[in-house]
Every structure is written in C-alpha cells, then in structure tokens.
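Please open the structure in your viewer and keep the selection panel at hand. The tour below goes from stop to stop, saying at each one what to select and what to look for there.

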Amino acid sequence: MQQRWPSRLWIVRHGESAGNVAAEAASGASRTHIDIAERDVDVPLSTRGERQADAVGRWFAGLPADGRPEIVLTSPYLRARQTSDRIRAAGGLMQDARDPLADERLREKELGLLDRLTRTGVEQLHPEQAEMRRRLGKFYHRPPSGESWCDVILRLRSALDTVSLHHGERRVLIVAHQVVVLCLRYLIEDMTEAEILAIDAAGDVANCSVTEYAFRSQAGKDGVLALERYNFVAPIAEAGAPVTSEPDANVAAR
C-alpha cells in the first residue's frame, strides 16, 4: 500500500509582519483599532521578520541535502509568501524543489466584522460579539462575515487530503499563520477542543517557529505523523534574530 502521509512535514508560521508590530502597539496602548493601511492579504514582513525568515532558511539549509523540503505549500498572504521565498533563497529547499505553491486554504482566519479591532475595540464597539465569544468559546464563535476555528479546520481537512493525495512519501513544508499551525495540530494529532485550546492558552506560536512531524510506519493501522518539535525557535535565537510572537493585524482579538 502506498504511504498516505509525507515522510516529513514541517509547519512554519510566517516571520514577524508589519501587522504584528501594529497590533502589538495598538494593544499596548489600549486603542480600539489597529493602524495599518494594507489589506491583511497584502501586509509584508517587517525587517525583523525578514531576519527571522533568513535564519530559519539557513537552518533548513543546514540539514542533509537529501533531508530538506521538496514541496512547499504556502498561504497566499504576502507575509507567508515572503517567508517561503526567503527560506528558498537561503538554500533551505532541495536544489530541484519546485517554486512554493500558494494554497488559499492555508490563509489566515478571517475575522469579518471584527477585522482590525483590538480586544478593547471588540469590547467597546461590539459588546454583543464579545459576550457571544465568551459564551461559545473561540473554537465555535464565528463573527459576522468571519470564521470560527471550526471553519478553518474544515478547509484544512481538504488541504491535508490534497497533501496525502499528491505528496505521500515526500518532504513537505507548509508556511502559514498561527491559527493554521494550531488547527493543523488539532487535525494531525486527532485532538479535542479542550486539548488544542490548552496548547493555545500556554503560549503563542512564535514567528518563524518550526513544528515538525515524521512519519512512523509502525504506529497505527496505516502509520501516523508523529510530532517531533513544536514552536521550535532555536534556529532564530542562534542566528541572533529576535524571537517574536505578536498577534496578526486582524487577530489581536482572536
């Protein structure tokens, strides 16, 4: 039987973006809105984010030549595409790896009505949504015109099916966003709502951190992807790049 899963799967959150910086500043000042002009899809990496992406790219480049990613799937958002491009430029992929493939199913969680609002902004401008979120919890709460975590998980189930159909036995790198990293863990490790929210509550997914899985053929009926690293930031710290974990511009109130 052909192996269903990649032999190795890395999931990397994009480097720090201009939106991360703006969201942190707005939350720190207790403002209601995050001050950034671009659409969320067009928000670029910050200078620190570029250094982080270069650092993790060099870490991948330090792996054995036959152990680097062969396939790169990325969110279509600019900050994720820039991160994957810088990983490639640093020599972090197989020499004959194809150009990164953008997949809209890996995009950031959409907040709809609450886009660009801080937690303070949601409490002050949409108290009914703040109350509904408290009652339902972030896993199930869907803001008007936005998504819940369950909505993100639904599209990621489809994305993982594509990975298993087209990239079995390959080494695959996914570059995406904080909520996508967490929701992929939920799916791959067959977690409960309580389990993934406990991981989320324990700390943010750092920019350019590495989450890594290896296929174990002897585990389970058809083998499983076994977690080897989560939120791994040593490549960034060792390169002298700053380690950051700010919320994105559209998810300060996530």
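Begin with R13 and show its side chain, which reaches the backbone oxygen of V205 at 2.7 Å. Before going further, please keep in mind that this is a predicted model, so that every distance and angle along the way is read from predicted coordinates.

**Stop 1: R13 and the annotated binding site**

With R13 still selected, colour the chain by secondary structure, and you will find R13 in strand β1, which covers residues 8–13. R13 has a relative accessibility of 0% and therefore counts as buried.

Now widen the selection to the positions that UniProt, in an unreviewed entry, lists under "binding site": R13, H14, G15, E16, S17, A18, G19, N20, R79, R134 and R135. These positions span 123 residues in sequence, and because the farthest two C-alpha atoms are 32.7 Å apart, they do not all gather at one spot.

**Stop 2: G15**

From that set, pick G15, which sits in the loop between β1 and α1, the latter being residues 18–28. Is G15 buried or exposed? With a relative accessible area of 0%, G15 is buried. If you display the residues around G15 and set aside those up to four places away in sequence, the ones that G15 touches are N20, L45, G49, Q52, T83, N207 and C208.

**Stop 3: H14 and E108**

Next select H14 and E108 together, the two positions that UniProt lists as "active site" in an unreviewed entry. Although H14 and E108 are spread over 95 residues of sequence, they cluster in space, with a largest C-alpha distance of 10.8 Å.

Looking at H14 alone, you will see that H14 is found in the loop between β1 and α1, and that at 0% relative accessibility H14 counts as buried. Show the side chain of R79 as well, since a polar contact of 3.3 Å joins the side chains of H14 and R79; R79 is also among the positions in the UniProt "binding site" list. E108, for its part, is found in the loop between β3 (101–102) and α4 (119–125), where E108 counts as buried at 1% relative accessibility.

**Stop 4: helices α2 and α3**

Now hide the side chains and select two helices, α2 (residues 47–61) and α3 (residues 78–89), whose axes come within 7 Å and cross at roughly 45°. That angle makes α2 oblique to α3, and the crossing in which α2 passes α3 is right-handed.

Which residues meet where these helices come together? Bring the side chains back and you will find E50, A53, D54, V56, G57 and F60 on α2 meeting T83, R86 and I87 on α3. T83 was also named at the second stop, as one of the residues that G15 touches.

**Stop 5: H167**

Move on to H167, in the loop between α6 (149–166) and β4 (171–176). This residue is buried, with a relative accessible area of 7%. Once neighbours within four places in sequence are left aside, the residues in contact with H167 are P6, I71, L73, R98, T162 and V172.

**Stop 6: M191 and D190**

Select M191, whose place is in the loop between α7 (178–188) and α8 (193–202), and which counts as buried at 11% relative accessibility. Leaving aside neighbours within four places in sequence, M191 is in contact with R185, Y186, I196 and I199. If you also draw a distance from M191 to R170, which is 21 residues apart from M191 along the chain, their C-alpha atoms are separated by 24 Å.

D190 has its place in the loop between α7 and α8 as well, but D190 is exposed, with a relative accessible area of 68%. Its backbone deserves a look, as D190 has a positive phi of about 55° although it is not a glycine. Most residues other than glycine have a negative phi.

**Stop 7: S145**

Finish at S145, in the loop between α5 (127–136) and α6. Here too the phi value is positive in a residue other than glycine, with phi of S145 near 70°. Is S145 buried or exposed? S145 is exposed, with a relative accessible area of 70%.

Methods: Residues numbered from 1 in each chain as written. Predicted model: local features only at pLDDT ≥ 70, side-chain atom pairs only at ≥ 80, totals over all residues. Heavy atoms only, no water. UniProt positions renumbered as here; feature names shortened; annotations may be inferred. Helix = DSSP H or I, 4+ residues; strand = E, 2+ residues; numbered from the N terminus. Buried < 20%, exposed > 50% of the residue type's maximum accessible area, 1.4 Å probe, protein only. Polar contact = N/O pair within 3.5 Å; in protein donor to acceptor, adjacent residues only side chain to side chain. Contact = heavy atoms within 4.5 Å. Axes fitted to C-alpha atoms, helices over the stretch in contact; angles between N-to-C directions. Parallel < 35°, antiparallel > 145°, perpendicular 65-115°, else oblique. Left-handed = near helix turned anticlockwise from the far one by under 90°.
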